[in-house]
Amino acid sequence: MPALLDKRLIFVTGKGGVGKSTVATVLGLLAARRGLRTVVAELSSQERVQRLFEHQGEHFQEVELAPGLFTISIDPEHAMDEYLRVKIGTLGQALGSSRLFQAFAMATPGMRELLSIGKVWELAQLQRRTRGGAPYDLVIVDAPATGHGVGLLRTPRTFAEIARVGPIAHQGRTIAATIADRDFTGVVAVTTPEEMPVNETLSLCEALEQERLALDLVVLNALYPVRFDDQEVEELQDALRRSRSPLSRSALRAALSEHARAQTQREQQARLEEGVDGRLVQLPYMFADHLGPDQLETLVSTLQDGLGTATAGSR
C-alpha cells in the first residue's frame, strides 16, 4: 500500500464538530510543503477552509491559500452546469439555465451527491475537463459527517447499478472504480477522544468494510495533555482541602478537572487504538480562541511526525 500522501484522492470524514475541516486543511498544508500541488475541496458550499486563512468566500472557484495549497467550495448546481457544458455544449448550457430542469435534477435522490463527487473526481484527473484547470497532485475532500460520508462514497456505484446503461451509468462506474482503487483513493476519519465520536469511528470501519473500502488513518483530534502524575494529583487534592483562598481553590479545581478529562480521554484513546489496529495519529487540543498561523504550524508539525509513526507501525 502506498503512503497516504502518495495517493491522489483523500476523503476526510468523521462525526460533526470533531474538526474535519481543520484536519483536512492541515493535511493539505503538509502535502503542499512536500511539493504536492494540493486542493482541499469542501462540499455543500461550505467555506470553512477559506475562513481559516481569513480569505473572503469565493463560490466554486479554485483559490490559492498558500504556496501550493488551493481550495474550492463545491456547489451541486454549479457542478451540474459545468458537467452539461462539457458533455453537451450549447444544449447543455441551455439545460443548465432552465430553472425547471435544475429543480427536477436537484430533486432526484442522490443527484446532489453524484454531482459533487463527480466534480471531486474531475479535480483528481491529470487531464482535466475544466477549461484552464491545472492538474493537482492531491485532492483532499472535506467530506460530510460519518453516515453521510459513507453514503457519498457509495453514491456513484448506486447510480451505476440503477441506470445500468447510458452516460450516468458510465460516469458512476468510472467514479466508483476510482474510489475503490486503494492506490488512488484514501479515507481518513477524524474523531475526538469522547465516547460518541469514538463509537461512530469504530462503526465507520465496519461500514467501509461492508462497502469493500478501507480506512487508511484515524486522526484523534483535540487530545488534552496529561500534566500530572499520581503523586502530583494527590498533592493537588491535599492543597485543595487545605486552601481557604477562593482564587487558589478555583485554580486547583481547574487543574484537577483538566486532569480528570485527560484521563477519560485516554480511556477512549485505548478503545480506539484497539479497534483501528495502530492506524492512529494524535493531534493536541489547541488552547486558543481561534486557530491562527501558530496553531496551524503546531498541528502540521505534529501530523507530520504522527504520519511517520503510523506508517512505520502499520508495516
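**Close-up A. Arg157 and Glu161 pair up through their side chains in a salt bridge, 3.7 Å from N to O.** This is a predicted model, as are the other views here. Both partners sit in helix α7, four residues apart, which is about one turn of the helix. Arg157 is partly exposed, with a relative accessible area of 25%.

**Close-up B. Glu211 reaches Arg154 in a salt bridge, with the closest N and O atoms 2.9 Å apart.** Here the partners come from separate elements: Glu211 is in the loop between α9 and β7, while Arg154 belongs to helix α7 (residues 146-163), so the contact ties together parts that are 57 residues apart in sequence. Which of the two is buried? Glu211 is, with a relative accessible area of 11%. Arg154 is partly exposed, at 33%.

**Close-up C. Asp216 and Lys7 meet side chain to side chain in a salt bridge of 2.5 Å, N to O.** Asp216 lies in the loop between α9 and β7 and Lys7 in the segment before β1 (9-14), so this bridge ties together parts 209 residues apart in sequence. Lys7 is buried, with a relative accessible area of just 1%. Asp216 counts as buried too, at 17% relative accessibility.

**Close-up D. Glu62, Lys119, Glu122 and Arg128 are joined in a network of salt bridges.** For context, how many salt bridges does the structure hold? The count is 14. Side chains of opposite charge can pair when their charged atoms come close.

**Close-up E. Phe70 and Tyr136 make an edge-to-face ring pair.** A search of the whole structure turns up four aromatic pairs. In the Phe70 and Tyr136 pair the ring centres are 5.6 Å apart and the planes are at 70°, which is why the pair counts as edge-to-face. The contact links distant parts of the chain: Phe70 is in strand β4 (residues 69-73), and Tyr136 is in the loop between α6 (111-123) and β5 (138-145), 66 residues apart. Both Phe70 and Tyr136 are buried.

**Close-up F. Tyr224 and Phe287 form another edge-to-face aromatic pair, 5.4 Å centre to centre with 70° between the planes.** Once again distant parts of the chain are linked: Tyr224 sits in the loop between β7 and α10, Phe287 in the loop between β8 (280-284) and α12 (293-313), and the two are 63 residues apart. Tyr224 is buried, with a relative accessible area of 9%, whereas Phe287 counts as partly exposed at 49%. Which residues make up the ring cluster here? Ring pairs link Tyr224, Tyr285 and Phe287.

**Close-up G. Arg212 and Ala222 both have a positive phi, near 60° for Arg212 and near 60° for Ala222.** Most residues other than glycine have a negative phi, so a positive value earns a look at the backbone. Arg212 is in the loop between α9 (195-210) and β7 (217-223), and at 64% relative accessibility it counts as exposed. Ala222 is in strand β7, and it is buried, with a relative accessible area of 16%.

**Close-up H. Asp229, Asp230, Glu232, Glu234 and Glu235 form a negative surface patch.** Asp230, one of the patch residues, has its place in helix α10 (residues 230-242). Is Asp230 buried or exposed? At 63% relative accessibility, Asp230 counts as exposed, because that value is over 50%.

**Close-up I. Met111 and Phe159 have their C-alpha atoms 8.8 Å apart, though they are separated by 48 residues along the chain.** Met111 is found in helix α6. It is buried, with a relative accessible area of 13%.

**Close-up J. Thr302 and Gln282 lie 7.8 Å apart in space, C-alpha to C-alpha, and 20 residues apart in sequence.** Thr302 belongs to helix α12. Its relative accessible area is 25%, so Thr302 is partly exposed.

How values were computed:
Residues numbered from 1 in each chain as written. Predicted model: local features only at pLDDT ≥ 70, side-chain atom pairs only at ≥ 80, totals over all residues. Heavy atoms only, no water. Patch = residues over 30% accessible without salt bridge, like charges linked within 9 Å, V, L, I, M, F, W, Y side chains within 5 Å. Areas by Shrake-Rupley, 256 points an atom, 1.4 Å probe, with all protein chains shown as cover. Salt bridge = Lys/Arg side-chain N within 4 Å of Asp/Glu carboxyl O. Lys, Arg positive; Asp, Glu negative; His and termini not counted. Charge placed at Lys NZ, Arg CZ, Asp CG, Glu CD. Buried < 20%, exposed > 50% of the residue type's maximum accessible area, 1.4 Å probe, protein only. Phe/Tyr/Trp six-rings, centres within 6.5 Å; stacked < 30°, edge-to-face > 60°.
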